Structures are given as structure tokens and as C-alpha cells.
Amino acid sequence: MPFATNPDVVSVVEPPIAEAKGWVAGRTYPAHRPLLDLCQAVPSYPPAEELRAHLAERVRLFETAQYTAITGIAPLREALAEHMAGVYGGSIDADNVLVTGGCNQAYTLALMALARRGDEVILPLPYYFNHQMWLDALGVTARHLPFRPDRGGVPDPADAVKLIGPNTRALVLVTPNNPTGAVIPPDVLAQFRDVCAEYGIALVLDETYKDFLDPGEPRHGLFRDPAWGDTVIQLYSFSKAFSLTGYRVGSIVAGASFVDQVAKLMDTVSICTSRIAQDGALYALRHLLPWADGKRAMMAGRREALLREFESGNLGFELVSTGAYFAYLRHPFVGETAAAVAKRLAQEHGVLALPGTVFGPGQDDYLRLAFANLEAERMGEVGDRLRGAV
């Protein structure tokens with residue numbers, strides 16, 4: 001008799017990006033009309049040349065091949081604490097930082113430390129699919145915060161209060177959001193923090209895309225509360241701002257006592273984050289913030305170009321929200337599944353997008369475009385192909 005696999009893992013959906021890429025596997029597209037891959041959010045540019053040169057030297061050192069402290073190398077933890085305090089204000093120390101293998105690992109470690117089978121976690125709709133997948137694997141129930149297209153995709157704290165019960169352990173928010181691109185304003189984040197503090201649950205704030213916010217816009221003040229560590233857990237990634245997706249380096253910023261508990265899990269999962277990845281992240285924080293700001297401006301230009309396409313009209317698709325890397329669209333094909341629409345767009349019109357259904361229930365009317373994959377001057381191609389699909 002074959003051995004049994006954990007049924008909670010078996011019940012987890014297959015990775016949706018791999019499935020979507022399967023729609024175009026083996027297909028060829030003419031040179032004058034290539035596939036526009038707007039499926040997965042991946043920087044379209046390499047890491048900075050000076051970062052690559054730095055890592056080429058670091059890899060020669062014996063210490064680069066060794067384990068680091070479980071929570072990460074001290075200089076990186078110190079630099080990240082200083083960076084976050086500089087961006088948001090408040091008091092953040094190295095003891096509040098744990099370096100992880102990307103933001104996905106930060107999420108999995110944080111949620112495993114917060115919740116166990118039978119507990120509940122509130123996820124906003126549409127959710128980042130890996131967030132739901134991990135809760136399913138843990139046997140933790142996700143309670144879904146309603147999607148609010150009427151608020152530009154910004155969730156409502158009043159809706160969250162209705163979902164909190166005796167087994168609720170955390171509320172997860174992503175801002176700028178994946179998949180909608182929506183940015184949660186500072187005052188709304190403060191309201192969510194107050195709700196979580198009142199009910200004694202964690203506010204898990206995924207800020208993977210924080211570096212793509214308009215620098216002129218105000219930042220939240222959650223870390224300015226001296227008791228922020230009692231409620232707030234921030235997740236972050238170096239992948240997007242510094243084009244380090246394959247290096248897998250991110251972080252958890254939380255109360256020191258929570259970091260101590262997560263370190264137990266980190267030790268059993270991977271002992272520590274790759275040293276070369278940590279060296280890259282440290283160099284980036286020390287030397288490449290202006291470089292990253294240039295990339296933010298470039299992404300803002302791509303977003304503006306996409307907005308102009310929608311403002312010109314006649315696309316047939318409604319732009320519900322956009323920001324950072326993403327645009328969330330309502331498709332015009334009433335009664336047709338999002339998966340069918342997305343597959344047809346990919347195979348017949350050369351636009352590879354994700355169907356809204358991979359981001360949760362009630363999303364069959366929507367598609368996600370990772371517009372940041374495409375240069376600003378090519379957004380007209382996106383508009384032309386969407387028009388041609390209607």
C-alpha cells in the first residue's frame with residue numbers, strides 16, 4: 001500500500017502562474033506581434049551592475065559559504081531597521097528584524113507562528129493566492145474580507161469587525177496590493193490597526209511593493225506607536241525594488257519576542273537565509289536606494305502610459321484599480337468565466353494575464369495585468385489587443 005500524503009497539502013490548489021503559462025507553452029507568435037507576458041510580476045531589468053560586481057567578489061570569500069545567525073547577519077538587520085524607521089518614523093531596532101528567504105517565506109513563518117489548525121485568519125478579497133494556499137496547507141480557515149471595487153479596491157475596516165471571532169488570530173493586508181494595485185491610505189491602515197489591537201489579533205502587513213509608492217504621498221505611522229510590536233507584523237521583500245527575485249531575500253519586522261518565536265521555525269526550515277542574498281540586500285540598502293528610486297519612477301511612467309490607454313476609451317475592459325506593478329480589470333464578457341477569457345486573450349490575442357478566480361471567490365469578472373513587465377512605449381499594444389478582443 002502506498003504511503004499517504006497530508007490531505008491538507010493535497011487540497012491546496014496547483015500554482016496558478018504555472019498553469020497560465022501552460023496555455024501558451026509550445027505556441028509561437030509572429031515577430032511583429034509577440035506575446036505580451038503580463039502574468040507574473042517580475043522586474044524587467046537586471047540588478048544594478050555595481051551590485052553584481054560586489055556579489056562576484058563576495059562569492060570568493062569563505063564566510064559567504066557559511067551559515068549566518070538564524071535571524072540574519074547583524075549589519076543587514078541593523079540597516080533594515082534604520083531604513084524602515086527612516087521611512088515610517090518610530091522606533092525599530094535590529095532585534096525587531098528577521099531576514100527571510102523572500103517575502104513568501106516571511107509570510108509562511110509568521111502565519112505558522114500565529115495560527116494552528118482550527119484557527120482563523122482574515123484575508124482580503126482578492127487575495128494573493130500564495131497566502132490562501134499556505135493557510136489551506138496549515139488547516140487554518142481563511143475568512144474573506146469583501147472586495148470593495150466601490151472603494152477602488154481598498155478594504156473597509158468595518159467589514160473586518162464582522163469577521164472577527166474567538167478563533168481569529170490575524171488579519172492580513174497587502175499594500176500596494178497584489179493583485180489589485182490598490183494602495184491603502186494611512187488613515188485606513190490606522191483603523192485596521194485599532195481594530196486588531198482592540199480584539200487582540202495580529203495585523204500582518206505585506207509591504208513587498210512599498211518602494212513603488214509615490215514619494216510625495218504620506219506613509220503610514222504604525223511604527224510611531226510605542227506599542228506597535230503588540231499588534232503589527234510587517235513583511236517585506238528585496239525582490240522587486242532591487243531585482244533580486246532569484247536571490248530570495250525578504251524580512252519580518254515585528255516585536256522582539258515574536259521574532260524569537262519565528263526564529264525557531266526559521267532554524268528548522270532553512271537555518272538561515274542564503275548569505276550571498278543577505279550580502280546583496282545589505283549592499284542595496286547602503287548604496288542603491290537612488291537606483292531603486294529611478295526604477296520606481298520608471299514604473300510610475302509605465303502606469304501612466306497604461307492609464308492613458310484606458311482614458312482614451314473604447315477598450316471594453318474597465319480599470320477597477322491600479323498601482324505599483326498591477327492593474328485589476330473587469331472584463332466585458334458577461335456570463336463567461338475569467339479563466340476562459342484569460343485563456344482566449346493569451347492564445348488568440350497574445351496577452352497573458354491571470355484570471356481573477358485565482359485570487360479568490362467572486363472574482364470571475366476580473367483579470368490581473370502585471371503591467372510593470374512592459375515598457376511604457378508598448379502600453380499602446382496592450383490597449384490595441386484588448387480592443388481587438390471585444
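How many bridges join strand β3 (residues 120-124) to β5, and do the two strands run parallel or antiparallel? Three bridges join them, and the strands run parallel.

Before we look further, a word on how to read this structure. The model is predicted, so to speak of local features pLDDT must be at least 70, side-chain atom pairs count only at pLDDT 80 or more, and totals for chains, interfaces and linings use all residues. Residues are numbered from 1 along each chain as its sequence is written, and side-chain values use heavy atoms, with hydrogens and water left out.

**Strands and their partners**

Helices (H or I, at least four residues) and strands (E, at least two) are DSSP runs, numbered from the N terminus. Two strands pair if DSSP finds at least two bridges between them. In the pairing of β3 with β5, E120 stands opposite T168. On to another partner of β5: five bridges join β5 to strand β6 (residues 202-206), and these two run parallel. Here V174 has D206 of β6 as its bridge partner. Between β5 and β6 the chain passes through helix α8 (residues 186-199), making a right-handed β-α-β crossover. Right-handed means that, with the strands pointing away from the viewer, the path from the first strand over the helix to the second runs clockwise.

How enclosed is β5 (residues 168-174)? Six of its seven residues are buried, so β5 is largely enclosed by the rest of the structure. Buried means under 20% relative accessible area, exposed means over 50%, and partly exposed lies in between (1.4 Å probe, protein chains only).

Strand β2 (residues 97-100) is covered on both faces: V97 and V99 are buried on one side, L98 and T100 on the other. In a regular strand the side chains alternate between the two faces of the sheet. Four bridges join β2 to strand β8 (residues 250-253), and this pair runs antiparallel. S251 in β8 is the bridge partner of V99.

**Helix α5 and the cores**

A nonpolar core is a set of buried Ala, Val, Leu, Ile, Met, Phe, Trp, Tyr and Cys residues joined through side-chain atoms within 4.5 Å. The largest one has 73 residues, and those with the most contacts inside it are V204, I233, L235, I252 and V382. Helix α5 (residues 102-114) gives the most to this core, with seven residues. Apart from that core lies another, of 62 residues, among them L145, A160, L205 and A277.

Helix α5 has 13 residues and reaches 19 Å from its first C-alpha to its last, close to the 18 Å expected at 1.5 Å a residue. The expected span is 1.5 Å times one less than the number of residues. Because 10 of its 13 residues are buried, α5 is largely enclosed by the rest of the structure. Among the buried ones are C103, Y107 and L114.

Contact means heavy atoms within 4.5 Å. Beyond its neighbours within four places in sequence, I233 is in contact with residues including A110, L114, V204 and I252.

**Cysteines without a bond**

A disulfide is a pair of cysteine sulfur atoms within 2.5 Å, and the count here comes to zero. Two cysteines are compared below.

| Cysteine | Nearest cysteine sulfur | Relative accessible area |
|---|---|---|
| C39 | C103, 19 Å | 0%, buried |
| C196 | C103, 17 Å | 0%, buried |

**A buried loop residue**

T64 sits in the loop between α3 (49-58) and α4 (74-88). T64 counts as buried because its relative accessibility is 11%.
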